[in-house]
Amino acid sequence: SFHFKINQVMLKFQLYIDKKKEYRWRLLSSNGKIVADCAEGYKQRASCVKAVNKIIGKIVFDKFKIVDA
């Protein structure tokens, strides 16, 4: 798993294998609740890790925007 903090809140990405034998990630808050998860599975663990690292980079460097639905 990957750990990082935003505004002193510890978040953790957890990797797991789903029923289709694909890798997925979910983002857990410090209390263990799922706050986000991936929409697609990855055949290779490395691809899943790469996706997580892209997300972490965008969060850490404020490269995301919030939009209304």
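Cys38 has a relative accessibility of 9% and therefore counts as buried in this predicted model. Cys48 has a relative accessibility of 0%, so this residue is buried as well. The model is a prediction, and its local features are reported on that basis.

The two cysteines invite the question of bonding. How many disulfides does a search of the whole structure find? The search returns 0. For Cys38, the closest cysteine sulfur is that of Cys48, and the two atoms lie 5.7 Å apart, which is too far for a bond. A disulfide would require the sulfur atoms to be within 2.5 Å. Cys48 is accordingly in no disulfide.

Both cysteines nevertheless belong to the largest nonpolar core. This core has 10 residues, and its other members are Leu11, Phe13, Trp25, Leu27, Tyr42, Ala51, Val52 and Ile56. In soluble globular proteins, nonpolar side chains tend to be buried together.

Which elements each supply at least two residues of this core? They are strand S2 (9-17), strand S3 (23-28) and helix H1 (45-60). Helix H1 gives the most, with 4 residues.

Strand S3 also takes part in strand pairing. S3 and strand S4 (residues 34-37) run in the antiparallel sense and are joined over 3 bridges. Within this pairing, Leu28 has Ile34 of S4 as its bridge partner. The hairpin formed by S3 and S4 has 5 residues between the strands, and Gly32 in this hairpin adopts a positive phi near 90°.

How values were computed: Residues numbered from 1 in each chain as written. Predicted model: local features only at pLDDT ≥ 70, side-chain atom pairs only at ≥ 80, totals over all residues. Heavy atoms only, no water. Buried < 20%, exposed > 50% of the residue type's maximum accessible area, 1.4 Å probe, protein only. Core = buried A, V, L, I, M, F, W, Y, C linked by side-chain atoms within 4.5 Å. Pairing = 2+ DSSP bridges.
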